[in-house]
Every structure is written in structure tokens, then in C-alpha cells.
Amino acid sequence: MSLNRASMHNVPSKRFLLILCLLAALAVLAIAVWSWSRFGVAYLRPFSEQDQQAVFFQGGGLRLPDELAGPGPIRVVHFWDPQCPCHKETDAHLNYLISLYRFSGVEFYSVQKPGSEGEMLPFLRGKLTPLESLEGMQAIPASPAIAIWDQAGRLAYAGPYSEGLVCNSSNSFVEPILDALSANRPVSAANTMAVGCYCDWASGGRP
């Protein structure tokens, strides 16, 4: 009998298990809230198939400013329009890219659509160095868009972040390129066709 009582004392009570479950649930909720604010999930919105359009990106004429050109770190330039609703998911993806690569020798810059007014979403502010403009950027057909220069200063990629209405690592063009460049593998993809949610870079409206 005394052995059974000792064994019962070693079995966690229902109240103790309930408290553990509540603490675990609170931890999961805290992580979800942190991810919501950290990676911009709170700013995502659903898109319909009507938001999709095919856009051909030609970035061969893009040139970095003289002070950034030439050999150096991998350089990423984000082209954005504060009035474009398509940036919501891309901005969350960009925030993830910055957290993933900024300590791996990758520098992040941004170019705002000329003539537009607005600020980046709070979770991106201060994480990209703004540039006034880039030579050749008038040829960019739409935003959101991204351009990547390799360590030798060559344009490796110019185009969209991904294809489709959802912009994340599963359908991204960017992570494979950054991984290849980080491993010193050459990449050349200045012209890209993609279907997704974009806004016209020249006029500010939807293409």
C-alpha cells in the first residue's frame, strides 16, 4: 500500500498538467505574435486571380552609383512604390531575406518610385539604405522588383521576387540566387518573365 501511495505522489496532478498546457499555449501565442510583427505577416492581404498579370522584366541597363559599383559585397536593391498594394507580401518576404542574409556579406538598398510619397512599413524602416535613383531604372516595367549585383559588381539578377500571388521562400527567385552568389557560383538573369501582382513603375497604376 505504501508503495502505491509513493507511486501516486510521483504522478503529475491534473492541475499541474493543465498549467503546463496553458504555459505551452502562451509560449506558442507569444511566438506567433512576435513573428506577426517581426516578419510582417500582419500586413498581408489576400489577392484574387484577377490581381495576377504577366510582366517581362528587363534589367540589363541598370547601373549602381559610382560609390557602390565595382568589386565588393553582394548588393541587393529593392524597388518599391508606397501606393502599390502588391508590396504587402513582398515586404514581409524582404524582411525575411534581410534577417537571413544581412550577416552573410549582403548589403540591402532601396529605391522609391520617383514622385511617390510614403514610408516603408514599420518592420522595414532602417534596414535598407535608401538610394535616390539608379541609372537605367526607367526601364523597370513594374514593382515590386529587385536587382542583385555579385561580388565582382556584375548585375546577376533583375526582376520580381517570386512568381504568383504569394511571395515567400517556396516560390522565390531570390534565395537561390543569393545562395549561389554566396558560394561564388556565377549567376546571370537580368531578363525575367513572371506572373503575379505588380504595379506599373512608370505611371504608378496597375499595368
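## Close-up views of a predicted model

**View 1. The lining of the largest pocket divides into 6 nonpolar, 4 polar and 2 charged residues.** Please keep in mind that this is a predicted model. The pocket shown here is the largest one, and about 180 Å³ of space lies in it. To find your way around its wall, look for W80, S110, Q112, G118, E119, M120, L124, R125, G126, L128, P130 and L131, which line the largest pocket. Two strands are worth picking out: β3 (106–112) and β4 (129–131) each supply at least two residues of this lining.

**View 2. The second largest cavity has a volume of about 60 Å³.** The structure holds 2 cavities of 30 Å³ or more. Around the second largest cavity you will meet F57, Q58, G59, L62, F79, I140, P141, A145, I146, A147, A158 and G159. At least two lining residues come from each of β1 (53–58), β6 and β7 (155–159). Which strand gives the largest share of this lining? That is β6, with 3 residues. By class, the lining of the second largest cavity has 9 nonpolar and 3 polar residues, with no charged ones.

**View 3. Helix α3 (residues 87–101) packs with helix α4 (residues 174–182).** Two packed helices are described by the angle between their axes and the distance between the axes. For this pair, the angle is about 20° and the axes lie 12 Å apart. Angles under 35 degrees count as roughly parallel, so α3 is roughly parallel to α4. The crossing of α3 past α4 is right-handed. On the α3 side, the contact is made by H93, Y96, L97 and Y101, and these meet V174, E175, L178 and D179 of α4. Sorted by class, the contact of α3 with α4 has 5 nonpolar residues, 1 polar residue and 2 charged residues.

**View 4. A cis peptide bond runs from S143 to P144.** If you are checking backbone torsions, omega of this bond is near 5°. Where along the chain should you look for P144? P144 sits in the loop between β5 (142–143) and β6 (145–149). Strand β6 also appears in View 2, where 3 residues of the lining of the second largest cavity come from it.

**View 5. N184 has a positive phi, near 65°.** N184 is a residue other than glycine, which is worth noting next to that phi value. You can find N184 in the loop between α4 and β8 (191–196). Helix α4 is also the partner of α3 in View 3, where its contact residues include L178 and D179.

Definitions and conventions:
Residues numbered from 1 in each chain as written. Predicted model: local features only at pLDDT ≥ 70, side-chain atom pairs only at ≥ 80, totals over all residues. Heavy atoms only, no water. Axes fitted to C-alpha atoms, helices over the stretch in contact; angles between N-to-C directions. Helix = DSSP H or I, 4+ residues; strand = E, 2+ residues; numbered from the N terminus. Parallel < 35°, antiparallel > 145°, perpendicular 65-115°, else oblique. Left-handed = near helix turned anticlockwise from the far one by under 90°. Contact = heavy atoms within 4.5 Å. Nonpolar A, V, L, I, M, F, W, Y, C, P; charged D, E, K, R; others polar. 1 Å grid on protein atoms, 1.4 Å probe; cavity = no way out; pocket = protein on both sides within 12 Å on 5 of 7 lines; lining within 4 Å. Points joined across faces, edges and corners; volume = space filled by probe spheres on them.
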